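Student: I would like to learn to read a structure feature by feature. Where do we begin?
Tutor: With the coordinates in view.

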Protein chains: 2
Amino acid sequence: MTRLFNDPDDFAAESAAGFAAASARWVRPVNGGVVRSTRGAEPTVSVVIGGGSGHYPAFAGLVGPGLAHGAAMGNLFASPSAHQVHTVATAAHEGRGVLLSYGNYAGDVLHFTQAQERMRASGIDCRTVVVTDDISSAPAGEHEKRRGIAGDLVVFKVAGAAAEAGLDLDDVERLAALSNSRTRSLGVAFGGCTLPGADEPLFTVPEGRMAVGLGIHGEPGIDEIDVPTAAGLAELFVTSLLAEIPDGIDQEGARVVPILNGLGSVKYEELYVVYAEVDRLLAEAGLVVVSPEVGEFCTSFDMAGVSLTLLWLDDELEPLWHASCDTAAFRRGAVEGRIAVDAVEVVEEEVVIGPASDSSQRAAAVIDRALSAMAAMLDAEADELGRIDRIAGDGDHGIGMQRGSCAASAAASGVVADGAGARTTLQQAGDAWADKGGGTSGAIWGEMLVALGATLGDDDDVDTARVAAGITAMKDAVMSFGKATVGDKTMIDAIVPFADRLAELVDAGAELVDAWTDAAGTADAAAKATSDLTAKLGRARAHGDKSIGTPDPGAVSFALIARTVLDTLKGND
Amino acid sequence: MTRLFNDPDDFAAESAAGFAAASARWVRPVNGGVVRSTRGAEPTVSVVIGGGSGHYPAFAGLVGPGLAHGAAMGNLFASPSAHQVHTVATAAHEGRGVLLSYGNYAGDVLHFTQAQERMRASGIDCRTVVVTDDISSAPAGEHEKRRGIAGDLVVFKVAGAAAEAGLDLDDVERLAALSNSRTRSLGVAFGGCTLPGADEPLFTVPEGRMAVGLGIHGEPGIDEIDVPTAAGLAELFVTSLLAEIPDGIDQEGARVVPILNGLGSVKYEELYVVYAEVDRLLAEAGLVVVSPEVGEFCTSFDMAGVSLTLLWLDDELEPLWHASCDTAAFRRGAVEGRIAVDAVEVVEEEVVIGPASDSSQRAAAVIDRALSAMAAMLDAEADELGRIDRIAGDGDHGIGMQRGSCAASAAASGVVADGAGARTTLQQAGDAWADKGGGTSGAIWGEMLVALGATLGDDDDVDTARVAAGITAMKDAVMSFGKATVGDKTMIDAIVPFADRLAELVDAGAELVDAWTDAAGTADAAAKATSDLTAKLGRARAHGDKSIGTPDPGAVSFALIARTVLDTLKGND
């Protein structure tokens, strides 16, 4: 468990500050992460990586000459926001374009994709290679759905070495994608970490049992077996990975890099006992083992787990894997001729508050009160939302909503006091929610608030029809995010009937509070369906039944928020 | 806990083999450890380090250019034997002398000192610098009694850099000693590791509490307090270490290297949260922080603990700390111009079995049966001996005696079958016990068997008087080992009255079995006194009383062995 922290809410930020203080030889802090503190003689393509905190040395420990140029550092197990990724990528850019690379998780995909769009909008060539090495997370035919785990190191290292060699963005992207296509991993776990301030572990595995394919945030695995011997685990790893040799590779004489990765509390001596047998089995299978790595490369706090990654080399990848690099956590060979970069003062963009109509200012004041009430409610509900999320997901929904709404409320209060209108207030609140909340929920709620604000505007009269139109814009923002539709047991199940019902009643001439009261009932129904399914799922999982889908608690939190806003609206009636 | 192993008895050996297989870029295996797999253009002084297994990257992970030349790798938490240290040091020697360096633990001191004597006897200049950085393990005036913990890294790094710079053995020894005199550490723990195959953790700390100064093998600490915040722990570390600034250093403007070391399951993000405050406090105290290290440098499997080390630099030490090095676990800067060394086949010395008298051969057969019975008895008693040892010591007595006696029995059987006499049989058995048993008990029992064998000889008649003389020689071997005397609650309390009584009765004409029966009673009495004191100590410790000394279970195991041998002697009456 995590024992050492101050305020758990500040954990990721304080950890990032400590990392930067200890690692000035390699990095300097920027808003949302770190970038290199040195540069080479010639500009190169910039490789920008990132993800949630809790996986050190992924991601900040892999920034330095020959590896990544910058790392966006999200909150605990939560994606950095698009704003943070964009800030880090901009600071890391040397004029030759940016490759974004990160593990394939929904929140990260959302935020990095948004950041990529912002980079491109400002004229910077930006590409993405998502890491998908975990063979347990989707079948062989659906590689693009797989999660990224310790294979991160391979893809980042190859991309960083390609950039260091002076290749252009086309080649860096191509080689990173090539390395991902030739990298496979499988992980096992004996027990989960306990996040700072949390009351219970992220997950547990029964004593004497081992979960196969369990993810680094506790995502459900594919099997559970008795804890094998070290040799038995090595055999499970090697057999599973050799069943999935990438296309076009002849096993006999193939050159592979094994990476045996400890997730946290499975320690070095144990890893080496397992490695002894991995090495023997690979040789027995006719493979040539090339510069193996045994250690901690992608962790999950003190999670008791291990993974084995195989990188299937070819003539292009092998020299890139061997190339020199120098980072806080991963070094190889000799890196010379680096020039120190002066630490750059991190300047927060100044908020410009333009003129606003009286009506919009009054609406902003209501929004401010509503956000404050939402933050208080979500603070109280955070544990319960986290509990629901843990049944099917990574358990970060409660803490993400809590942090995001708290930051949004603070940001709104700051600008409302200076006379901001509804658009400006919601823009600031939305960016703050995405930055601090992190994860998928942070991205979605951030965009929802921004969409609502864009509809309400700073100059116009905010009447009932405009509010209903704003809620419809929020719904559209959610729908554009992912591929989920009504019935997939996500927030969409709640917001679609809510927005549609509200628009319908307002259209028919209803007052806002009356229409909202009615619409909130539809959201409640969706939330109840999700809760019921989650409870059923919890029971089914306990009995080994995996036939039920994976609801997320987004509908539950949406319904709670709709009720809280209704209370605020009633107070302003 | 340690979950992944095959046969727990083979754990350390298999881990060492896996390490060597994964780390051929840096090391090659030799009997008892590893030495570098490369050499520089010019020979240098050789720095040979080592200790028990379970502390990775200490010790084998620190072998490579610019750091150590070789590491002797003992069993779990048990010193390598003198024979192993000697083998590693001989393989590492490049013709310019050897510096031995290791943490200050009784077993390591015994074995490395014996190895040093053997090196010197073969004409190789050999010196020793023992690491004594743990301020909690003895008062400020008794530095030489302190244990070595993460300060190991400092002393090894400075010695390795001095050797790499081409300095002679005088200077390498002087600089290593200088770095030790300017290094201070303090550790804390929340819970202990569980060794492979063990039923319970090495130690526990009550939930919500933190042991201050607890050692890396579970040696008792100096205080127990509520778990502080990360900032509170940083303050405890910094305040304690600044209360002990080495002589002659002016605090204001002093240059220090902080090394924040995780013992196993306190992970990187937590360490960085603590480091953020350590960094701030050191700066606030007027110190200049120089290239800090945050990570895992001296672990104890998955022990939940942290230590902070401060190295107080001076003009000689600073460039040595910064100098390049390249090892499996610790790298810095650029190391070039290395030449690969061909893997050397490890050749075990061949055992020469000379002629032996019939009487000595018959005695050897009895010895063989006695050792076999001892091994069976110690196998059964290992858990109980370990439990007793854990109350005052590091808990390795049971496992050490079990392994040592098993190896000794096997070695004896091997040569007795080929007609060896008593001297040859006991020489082989003693070396095997020291090699495989490890620790203080391994060293002592190894020397005891060799001493007995030297007295019995291969050619002479083995009569009752000679056996009694042999037991006296065993007693003398024990006495010459350490500074303990009768009454210190060690094995000496049992063997001295046993040997004296046996000699007295045999001198008076008693038969061996009768004399042995009587003498065994005196050993039983000593064992009972130790057991009683240990039980009392356990109760007193539970009540916070630290006034009782620290008995070791040596008297208990001696008495058990005396009874077992008596049974064998009776069977041969």
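Tutor: Keep in mind that this is a predicted model. Start with the two copies. A turn of 180° and a shift of 0.0 Å along the axis lay chain A on chain B, with an RMSD of 0.1 Å.

Student: What relation do a turn of 180° and a shift of 0.0 Å along the axis describe?
Tutor: They describe a two-fold axis.

Student: Which C-alpha of chain A is nearest the axis?
Tutor: That of A:Ala334, at 2.1 Å from the axis.

Student: What share of the contact residues of chain A recur in chain B?
Tutor: The figure is 100%, and the same surface serves both copies.

Student: Now a single chain. How many helices and strands does chain A have?
Tutor: Chain A has 16 helices and 17 strands. Its radius of gyration is 24 Å, and the globule rule gives 25 Å for 573 residues, so chain A is as compact as a globular protein of that length.

Student: What does the C-alpha trace span along its principal axes?
Tutor: About 75 × 60 × 45 Å for chain A.

Student: How many of the residues of chain A count as buried?
Tutor: Of the 573 residues, 60% do. The cut-off for buried is under 20% relative accessible area.

Student: What about the surface of chain A: how much is exposed, and what share do carbon and sulfur atoms supply?
Tutor: Chain A exposes about 20,300 Å². Carbon and sulfur atoms supply 51% of that area.

Student: And how far apart are the mean positions of the positive and negative charges of chain A?
Tutor: They are 2 Å apart, with 42 positive and 83 negative charges.

Student: How do I judge contacts by their separation along the sequence?
Tutor: Set a lower limit, then ask how many pairs pass a higher one. In chain A, take contacts between residues at least 6 apart in sequence. Of these, 74% join residues at least 24 apart.

Student: Let us turn to the backbone. What is the usual sign of phi, and which form do most peptide bonds take?
Tutor: Most residues other than glycine have a negative phi, and most peptide bonds are trans. Look for the exceptions.

Student: Which form does the peptide bond from B:Tyr56 to B:Pro57 take, cis or trans?
Tutor: That bond is cis, with omega near 10°. B:Pro57 sits in the loop between strand S4 (46-53) and strand S5 (70-76) of chain B. The loop between S4 and S5 also holds B:Phe59. The peptide bond from B:Ala58 to B:Phe59 is cis, with omega near 15°.

Student: What is the phi of A:Phe301?
Tutor: It is positive, about 50°, although A:Phe301 is not a glycine. A:Phe301 lies in the loop between strand S13 (293-295) and strand S14 (304-312) of chain A.

Student: Is A:Phe301 buried or exposed?
Tutor: A:Phe301 counts as buried, at 1% relative accessibility.

Student: Where is B:Phe77?
Tutor: In the loop between S5 and helix H2 (82-92) of chain B. B:Phe77 has a positive phi of about 55° although it is not a glycine. At 4% relative accessibility, B:Phe77 counts as buried.

Student: How should I read a helix residue?
Tutor: Ask for its element, its burial and its neighbours. A:Gly398 belongs to helix H10 (residues 397-416) of chain A. Its relative accessible area is 0%, so A:Gly398 is buried.

Student: Which residues does A:Gly398 touch, not counting those up to four places away in sequence?
Tutor: A:Ala382, A:Leu385 and A:Gly386.

Student: How do sequence separation and distance in space compare as readings?
Tutor: Give both for each pair. The C-alpha atoms of A:Gly398 and A:Pro139 are separated by 30 Å, and the two are 259 residues apart along the chain. B:Gln114 and B:His83 are 31 residues apart in sequence and 8.5 Å apart in space, C-alpha to C-alpha. B:Gln114 is part of helix H3 (residues 106-121) of chain B. With a relative accessible area of 14%, B:Gln114 is buried.

Student: One more helix residue. Is A:Glu284 buried or exposed?
Tutor: A:Glu284 counts as exposed, at 57% relative accessibility. The cut-off for exposed is over 50%. A:Glu284 lies in helix H7 (residues 268-284) of chain A. Between the C-alpha atoms of A:Glu284 and A:Glu252, 32 residues apart along the chain, the separation is 10.0 Å.

How values were computed. Residues numbered from 1 in each chain as written. Chains lettered and ligands numbered in written order. Predicted model: local features only at pLDDT ≥ 70, side-chain atom pairs only at ≥ 80, totals over all residues. Heavy atoms only, no water. Helix = DSSP H or I, 4+ residues; strand = E, 2+ residues; numbered from the N terminus. Rg over C-alpha atoms; globule rule 2.2 N^0.38 Å. Buried < 20%, exposed > 50% of the residue type's maximum accessible area, 1.4 Å probe, protein only. Contact = heavy atoms within 4.5 Å. Areas by Shrake-Rupley, 256 points an atom, 1.4 Å probe, with all protein chains shown as cover. Lys, Arg positive; Asp, Glu negative; His and termini not counted. Charge placed at Lys NZ, Arg CZ, Asp CG, Glu CD. Least-squares fit on C-alpha atoms with pLDDT ≥ 70 in both.
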